[in-house]
Amino acid sequence: MKTDPDCIFCKIVAGQIPARRIYEDDHLLAFPDINPAAPVHLLVVPKTHLVNLDDTNTEHQTLLGNMLLLAPRLARERGATNGYRVVVNNGADGGQEVFHLHMHILGGPRPWNRL
Ligand code: 5GP
Ligand code: ZN
């Protein structure tokens with residue numbers, strides 16, 4: 001498990017910054033986005049510090065697959081029953097602000113705040 005002491009999501013994984021732990025297993029953690037863009041807005045992060053998709057390779061196939069498989073499950077469990085959006089921002093021009101790989105799950109009745 002890699003960790004970056006300056007990384008906000010590593011601190012959430014470690015419990016050093018509070019977050020409501022919606023889902024957790026040995027490798028993944030899901031929690032609500034602090035600034036939700038939609039009625040349901042969750043983040044799913046690997047517990048190990050990966051910068052973004054550029055930092056992944058075939059070793060991460062299972063991890064990445066399991067992240068995607070959480071989207072329909074968590075969307076449904078959180079009440080986004082009429083569709084949802086899955087977003088992964090990568091790099092500056094991709095709009096990435098936190099440089100620890102994360103998947104947004106957005107859903108709930110429209111209109112949304114943004115996106
Ligand atoms: P990005 O633009 O990097 O894809 O998205 C980063 C997301 O992380 C933003 O939507 C932002 O609201 C969220 N975020 C940033 N800091 C925190 C935090 O300390 N706690 C939580 N729960 N979300 C955060
Ligand atoms: Zn990190």
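A residue counts as buried when its relative accessible area is under 20%. I wrote that at the top of the page before opening this predicted model.

**Entry 1: Phe9**

I started with Phe9, which sits in helix α1. Is Phe9 buried or exposed? Its relative accessibility is 7%, so I put Phe9 down as buried. Next I looked up its neighbours, leaving out residues up to four places away in sequence. Phe9 touches Phe31, Leu43, Val45, Val98, His100 and His102. I also checked Phe9 against Gln96: the two are 87 residues apart in sequence, and their C-alpha atoms are 13 Å apart in space.

**Entry 2: the zinc site**

His100 turned up among the contacts of Phe9, and that led me to the zinc ion (ligand 2), where His100 is one of the donors. Which residues hold this ion? I found Cys7 and Cys10 donating through SG, and His49 and His100 through ND1, at 2.0 to 2.3 Å from the zinc. The angles among the four donor atoms run from 104 to 116°, and I noted the site as tetrahedral. Along the chain, the donor residues follow the spacing C-x2-C-x38-H-x50-H. Cys10 belongs to helix α1 (residues 8-14), while His100 is in the loop between β4 (84-87) and β5 (103-107), so this pair ties together parts that are 90 residues apart in sequence. I looked up burial for both, and Cys10 and His100 are each buried.

**Entry 3: the sheet**

Then I traced the strands. A reminder to myself: strands of a sheet pair through backbone hydrogen bonds, either parallel or antiparallel. Here I found an open sheet of five strands in the order β1-β2-β3-β5-β4, with antiparallel pairing. Which strands are at the edges? They are β1 (23-24) and β4, each of which pairs on one side only.

I went through the pairs in turn:

- β1 and β2 run antiparallel and are joined by two bridges; a hairpin of three residues connects them, and Tyr23 has Ala30 of β2 as its bridge partner.
- β2 and β3 are antiparallel over five bridges, with Pro32 partnered by Leu42 of β3.
- β4 and β5 are antiparallel over four bridges, and Val87 is matched with His104 of β5.

Why is β2 largely enclosed by the rest of the structure? Four of its five residues are buried, so I marked β2 as enclosed.

**Entry 4: helix α2 and the cores**

Helix α2 (residues 61-77) came next. I see it lying across β1, β2 (28-32), β3 (40-46), β4 and β5, and it runs at about 15° to β5.

How many residues make up the largest nonpolar core? I have 18, and Val44, Leu74 and Ile105 have the most contacts inside it. At least two residues come from each of β2, β3, α2 and β5. Helix α2 gives the most to this core, with six residues.

I picked Ile105 for a closer look, again setting aside residues up to four places away in sequence. Its contacts include Val40, Leu42 and Val44, along with Leu70, Ala71, Leu74 and Ala75. Tyr84 and Arg85 are also among the residues that Ile105 touches.

There is a second, separate core of nine residues, including Cys10, Ile12, Val13 and Leu43. That brought me back to familiar names: Cys10 is also a zinc donor, and Leu43 is one of the contacts of Phe9.

Methods:
Residues are numbered from 1 along each chain as its sequence is written. Chains are lettered from A and ligands numbered from 1 in the order in which they are written. This is a predicted model: local features need pLDDT of at least 70, side-chain atom pairs count only at pLDDT 80 or more; totals for chains, interfaces and linings use all residues. Side-chain values use heavy atoms; hydrogens and water are left out. Donors are N, O and S atoms within 2.8 Å of the metal (3.2 Å for Na, K and Ca); water is not among the atoms, so sites may look incomplete. Four donors count as tetrahedral if all angles lie between 85 and 135 degrees; four count as square planar and six as octahedral if opposite donors are over 155 degrees apart and all others between 65 and 115; anything else is irregular. Buried means under 20% relative accessible area, exposed over 50%, partly exposed in between (1.4 Å probe, protein chains only). Two strands pair if DSSP finds at least two bridges between them. Contact means heavy atoms within 4.5 Å. Axes are lines fitted to C-alpha atoms, for helices over the stretch in contact, and angles run from 0 to 180 degrees between N-to-C directions. A nonpolar core is a set of buried Ala, Val, Leu, Ile, Met, Phe, Trp, Tyr and Cys residues joined through side-chain atoms within 4.5 Å.
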